[in-house]
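Work through the exercises below with the sequence and the 3D structure at hand. Try each task before reading its solution.

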Amino acid sequence: MATEFIPENWVIFQLGETKTLRFYDHAKVKRTIVDPITKREKYVETLVFYVNRENGIEVSKMFSVLSTKLASELAAYIPDKAYLRYEFRIQKPLEKYSPPHLVEVRPIIV
């Protein structure tokens, strides 16, 4: 499934920013990315989550996970779509090329 990059349809982090996200679906997507340091294209398989709430606001966005560490942490919630029962606080560090990391996982209280 190819997805066009439209900024308002993607979760974008500023340096040092923390966001609380809720996911309603996920997919593994093959993408071409440009390495920010070498400027070379490479093909990667990314984990993409479809987001329906961002910081408590209803949205329709995608969150593409390139970090293998973050992907492995979030993958634990994929079986039986367990992520539907949680919200995820994710932070982008202040360092430019550091990937976002998981800060907290909280059960959704209905």
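**Exercise 1. Find what Thr20 touches beyond its sequence neighbours, and decide whether Thr20 is buried or exposed.**

Solution.
Step 1. Contact means heavy atoms within 4.5 Å. Leaving out residues up to four places away in sequence, Thr20 touches Arg53, Glu54, Asn55, Glu87, Phe88, Arg89 and Arg106.
Step 2. Place Thr20 in an element: Thr20 belongs to strand 1. Helices (H or I, at least four residues) and strands (E, at least two) are DSSP runs, numbered from the N terminus.
Step 3. Apply the cut-offs: buried is under 20% relative accessible area, exposed is over 50%, and partly exposed is in between (1.4 Å probe, protein chains only). Thr20 has a relative accessible area of 15%, so Thr20 is buried.

Two remarks apply to every exercise. This is a predicted model, in which local features need pLDDT of at least 70 and side-chain atom pairs count only at pLDDT 80 or more, while totals for chains, interfaces and linings use all residues. Residues are numbered from 1 along each chain as its sequence is written, and side-chain values use heavy atoms, with hydrogens and water left out.

**Exercise 2. Describe the order of the elements and the overall dimensions of the protein chain.**

Solution.
Step 1. Count the elements: the protein chain has one helix and five strands.
Step 2. Read them from the N terminus on: the order is β-β-β-α-β-β.
Step 3. Compare the radius of gyration, taken over C-alpha atoms, with the globule rule, which is 2.2 Å times the number of residues to the power 0.38. The protein chain has a radius of gyration of 14 Å and the rule gives 13 Å for 110 residues; the two are close, so the chain is as compact as a globular protein of that length.
Step 4. Add the extents: the C-alpha trace spans about 45 × 30 × 25 Å along its principal axes.
Step 5. Add burial and contacts. Of the 110 residues, 33% are buried. Among contacts with a separation of 6 or more, 50% are between residues 24 or more positions apart.

**Exercise 3. Which residues touch the most other members of the largest nonpolar core, and which elements give two or more residues to this core?**

Solution.
Step 1. A nonpolar core is a set of buried Ala, Val, Leu, Ile, Met, Phe, Trp, Tyr and Cys residues joined through side-chain atoms within 4.5 Å.
Step 2. The largest such core has 17 residues, and those touching the most other members are Phe23, Phe49, Phe63, Val65, Leu74 and Ile90.
Step 3. Two or more residues come from each of strand 1 (18–34), strand 2 (41–54), strand 3 (57–65), helix 1 (68–75) and strand 4 (86–91).
Step 4. A separate core has six residues, including Trp10, Ala27, Val29 and Val48.
Step 5. Take Phe23 from the largest core. Beyond its neighbours within four places in sequence, Phe23 contacts Phe49, Tyr50, Val51, Asn52, Phe63, Leu74, Tyr83, Leu84, Phe88 and Ile90.

**Exercise 4. What is the sign of phi in Lys39 and in Asp80, and where do these residues lie?**

Solution.
Step 1. Most residues other than glycine have a negative phi.
Step 2. Lys39 is not a glycine, yet its phi is positive, about 65 degrees. Lys39 sits in the loop between strand 1 and strand 2, and its relative accessibility of 59% counts as exposed.
Step 3. Asp80 also has a positive phi, near 60 degrees. Asp80 is in the loop between helix 1 and strand 4, and at 76% relative accessibility Asp80 is exposed.

**Exercise 5. Locate Ser67, Tyr97 and His101, and list their contacts outside four places in sequence.**

Solution.
Step 1. Ser67 is in the loop between strand 3 and helix 1. Its relative accessible area is 13%, so Ser67 is buried; it touches Pro99 and Pro100.
Step 2. Tyr97 is in the loop between strand 4 and strand 5 (101–107). At 48% relative accessibility Tyr97 is partly exposed, and it touches Pro36, Ile37 and Lys92.
Step 3. His101 lies in strand 5. With a relative accessible area of 32%, His101 is partly exposed; its contacts are Leu70, Arg89, Ile90, Gln91 and Pro93.
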